[in-house]
Amino acid sequence: MSGALSLREVSKTYDRVRAVDRISLDVVAGEFVTLLGPSGSGKTTTLQMITGFVDPDEGQIILDGRELTALASHRRNIGMVFQNYALFPHMNVEQNIAFPLEARGIDRAERRRRIGRALDLVGLGGFERRLPRQLSGGQQQRVALARAIVFQPPLLLMDEPLGALDKKLRDRLQLEIMELSRTLGVTVIYVTHDQEEALAMSNRIAVFHRGRIEQVGPPAELYERPASVFVAGFVGDSNMFTGTLDAEVLRSGPWQLRVDRAKTACLGHATAATIVVRPERLRVEPASVGDEAGLAGIVRQAIYLGATMKYVIELSDGRRVNARMHAGSQSSSIGVGDAVGVSWDIADGIVLPGEPEQTSLAGEPDGSP
Amino acid sequence: MASAAVSTRQRARSGADLWALLAIPGILILGAFFLLPLVLMALRSVTDPSPANYLVLTSSSIYVRVLVNTFVVAGCCTVICLLLGYPYAYAMHRAGPKLAAVLTIAIVLPFWSSALVRSYAWLVLLRENGVINGWLLSAHLIATPFRILRTNTAVIIGMCHILLPFMVFPIYAAMRRIDPTLLPAAAVLGANPFRAMRKVFVPLSLPGVYAGSLIVFIVALGFFVVPALLGGPRSMMFSELIVTTVYELLEFGQGAAMAIVLVASALMALAVASRFVRLGDALNYGSR
Amino acid sequence: MSPARLHPLLLGYAIFLAFVLVAPTLIVALMSFSAGVLLRFPPQGFSWRWYGYFLGADTWTRSIETSAEVGAATAAISAVVGTLMALGLVRGRYRWPQLLNGLVVGPMLVPPVVIAIGLYFMFVRLHLVGTYSGMIAAHTALALPYVVVVVSSSLRNFDRTLERAANSLGAGPVRTFFKVTLPLILPSVGAGALFAFITSWDELIVAYFLSTPAVRTLPVVMWGAAQDTTDPTLAAVATFLSVITVAFLLIARLLGYRTRAA
């Protein structure tokens, strides 16, 4: 099976800003890998270097043992779905899908056969004569997909392909794209800034931040064992307590929070650290249960989300945490204004070095060791 | 959609489309000082003294010859402006912001500056003891001064200089409307740069080409200043003939008839071409 | 997407053509400062003498005044009427919108000689030949379309929710227009007025037919002189005409950029 992609120490600098900073990534043939990150994190630039729209300053990009960087875009044999689909407005659906086949000199009969199969795969048989502007957003998306796979590329790139669609359609197309990629056995590199989409679709996710890959791993690993405060904050909701690590506790504001020694062994004494707790791992109990209940706080909002309840709790030092639990569990009797205690299992507190980045308004943290 | 809904509601409320009334002063001015004179002239062409005015065109071969020459010159200008203008528009489109600004200014200035001034400049440059001949002679590139003043060549040079913006603006506008991701898309789908241009970019820029060619041709048909200053008797254009008829021969009825013939030629060109062209695009210069 | 580098040949071509487009006017401008009596390039010496002749002669200075007055009046009338017309065309609904659009673009497409002769015939009867009002009326008809085109395009980009917001905040239609709409389209109205001025300032043929020895615009006088001679005074006149045009054009473009930013 072909479609093994390998990026080695790839860098790109624009105007002295390192858009992509020595990125390495190995993708196995047939794998679905998502590049996830906020805008400006370097994921799109990385994609453009794979397609050849942007030349890397250094590093190698290798597809099935072949160095790509020296090849022009049109010789790389990569399928790509663009964010705005980039369908040719003056060609109908059939002509659009025929375009890559004609460029490869494939004869008419074979073109017909392949176009028919590609359209069947995306469920658009019978739309051959339509012009792109006569199609809905979802249909255009499918045409773009058909056009990208019709020449059977080993590698399929997708640049935020579902960004312009509404939520329902997006969910359905997510499933379709996953199924299609499995059917074809094609390797997919998928770019998005939507962490839910990344968690739902990928075999592995590469989290981009400031031109570097912060962590690569399967969705569950990113969620359960984030490698950095940034990853913890970007993938899934989280509550963060920052402070100074001191023996078995983290001093954070008025509190001393206990940490798992085994997990923090590698962190030095008196270093800045953050405890990350996912909302569904927080325990919220009425304050009357006893002093052992944990951090004292008052429920400010209780939001009914169907299967779950979400609570916003203001702790005694003024900061807020989110908690989530099954609606209908014993705690669901808690209401707005109630005094509660918040706690968690030590094992559920993920301890990470450093602090979350401040918002731009607050400026950069000093980061002194 | 939304604005249509608003004006419908307004109409329902006030009984009349108030916005539409605002155009009245403009319509009156254009009606009185543009449309009415043309209508009166059309009337005059058949009443002063009679429709026989139109027969003047058959009275001497000069009229037909000048009319044919006018079409030939306009056609040459259209082709030359297209050949010069398409690559120029493409360069404007692909250039970085600073170069694009320079190229735009270089094309906007001629559009707005006086045809008279530029014809005069070409007169100074092209005449036998003019600037260009002076250079070529002193560089020993030619032995005797060339003579192109008073020929169609000089007229076409001067006209293309003035008409080029009419070609470049619509083509450039059409190029700007092309989604910039289409060329990368064509490349990644396997099309080499030449194929991507031929199959994607050029077809999508064609509306601009049609519009530009039409405008250049129609405007060229009516040129007067350039052929009058740079041309000679053999390169005369129809507008010159009309001015002579009215201003020197004082044959007002005949002049009116000839003016109507010129407008009719332009309208015919317009009618033939309007199937391909969005005229509104072609005329939207000022805002660019 | 990264713009592919412009091919050096194409780049060279474009720069060369840009130069050729500007060069003739520039060369004439340089020659107008010649100290010699003949038009030569490069000019012999430097002097203002031809500008002295030009600005010292009654015929020329009177025609400058005429041109400036006609141009200013044309610009003012065109700006007001053209803005109203653009509002009407963009926002009103008409039974035959194509016909109206034809009327607006007509003066740009009909050969100027034809318009000039038509106006001449009509103005002879109305005794408007050789009058300021006749010249202004004619130039307004020629310049109006430019104002309409510029202001219309700015109105089409205008976000009308701003007006609805003003309405919802209690401003009536008139107040909304003067406090919200007009300030936002004003730069393009200004640009339109400048284009109208330039149209009138450069216009030769209509002015030629409608002028008398007493009332002549600068291009008409220059046209008369250019038939007989190419002496450097004409180079000075041509440069003067161009400098005014270019100055107004640059202001108009600056206004255009402000409109886009708004």
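Two residues are taken to be in contact here if their C-beta atoms, placed from the backbone, lie within 7 Å. With that in hand, the reader can follow how chain B and chain C meet in this predicted model, which scores ipTM 0.90 and pTM 0.85.

The contact between these two chains draws 76 residues from chain B and 76 residues from chain C. On the side of chain B that touches chain C, the most is given by helix H3 of chain B, residues 24–47, which supplies 14 residues. Sorted by class, that side of chain B holds 58 nonpolar, 14 polar and 4 charged residues.

Within this contact, H3(B) packs against helix H5 of chain C, residues 112–126, at an angle of about 80 degrees and with the two axes 8 Å apart. Because angles of 65 to 115 degrees count as roughly perpendicular, H3(B) and H5(C) are described as roughly perpendicular to each other. From H3(B) the residues that take part are B:Phe33, B:Phe34, B:Leu36, B:Pro37, B:Leu38, B:Leu40, B:Met41 and B:Arg44, and they meet C:Ile115, C:Ile117, C:Gly118, C:Leu119, C:Phe121 and C:Met122 in H5(C). Taken by class, the residues of this helix pair divide into 12 nonpolar, 1 polar and 1 charged.

Chain C itself has 11 helices and 0 strands, so that its pattern, read along the sequence, is α-α-α-α-α-α-α-α-α-α-α. Its C-alpha trace spans about 70 × 60 × 30 Å along the principal axes, and buried residues make up 49% of its 262 residues. Among the contacts in chain C with a separation of 6 or more, 76% are between residues 24 or more positions apart. The mean pLDDT of chain C is 89, and 95% of its residues reach 70 or more.

Two places in chain B deserve a look at the backbone. The peptide bond from B:Asp48 to B:Pro49 is cis, with omega near 0 degrees, and B:Pro49 is found in the loop between H3 and helix H4 (56–59) of chain B. Elsewhere in the chain, B:Leu250 has a positive phi of about 55 degrees although it is not a glycine; this residue lies in the loop between helix H13 (238–248) and helix H14 (252–273) of chain B. B:Leu250 is exposed, because 9 other C-beta atoms lie within 10 Å of its own, and a residue with 12 or fewer is counted in that class.

Chain A contains sheets. One is an open sheet of 4 strands in the order S2-S1-S4-S5, with antiparallel pairing, and its edge strands are S2 (17–27) and S5 (66–67), each of which pairs on one side only. Strand S4 of chain A, residues 58–63, is joined to S5(A) by 2 bridges, and A:Ile62 stands opposite A:Glu67 in S5(A). Helix H1 of chain A, residues 43–51, lies across S1 (5–14), S2 and S4 and runs at about 65 degrees to S2(A).

A further open sheet in chain A has 5 strands in the order S15-S19-S16-S17-S18, again with antiparallel pairing. Strand S15 (283–286) and S18 each have a single partner strand, so one side of each is left without a neighbour in the sheet. From one strand to the next the twist averages 45 degrees. Within this sheet, 4 bridges join S16 (residues 295–304) to S19 (residues 339–343), with A:Gly297 opposite A:Val340, while 7 bridges join S17 (residues 308–315) to S18 (residues 320–326), with A:Ile313 opposite A:Val321. S17(A) and S18(A) form a hairpin with 4 residues between them, and A:Gly318 in the turn has a positive phi of about 100 degrees.

Two loop residues of chain A complete the tour. A:Asn77, in the loop between S5 and strand S6 (79–81) of chain A, has a phi near 60 degrees, a positive value in a residue other than glycine. A:Asn77 counts as buried because 20 C-beta neighbours lie inside 10 Å. A:Val122 lies in the loop between helix H3 (108–121) and helix H4 (137–149) of chain A, and is likewise buried, with 23 other C-beta atoms within 10 Å. Leaving aside residues up to four places away in sequence, A:Val122 touches A:Arg142, A:Leu145 and A:Ala146.

Technical notes:
Residues numbered from 1 in each chain as written. Chains lettered and ligands numbered in written order. Predicted model: local features only at pLDDT ≥ 70, side-chain atom pairs only at ≥ 80, totals over all residues. Nonpolar A, V, L, I, M, F, W, Y, C, P; charged D, E, K, R; others polar. pLDDT = per-residue confidence, 0-100. Axes fitted to C-alpha atoms, helices over the stretch in contact; angles between N-to-C directions. Parallel < 35°, antiparallel > 145°, perpendicular 65-115°, else oblique. Pairing = 2+ DSSP bridges.
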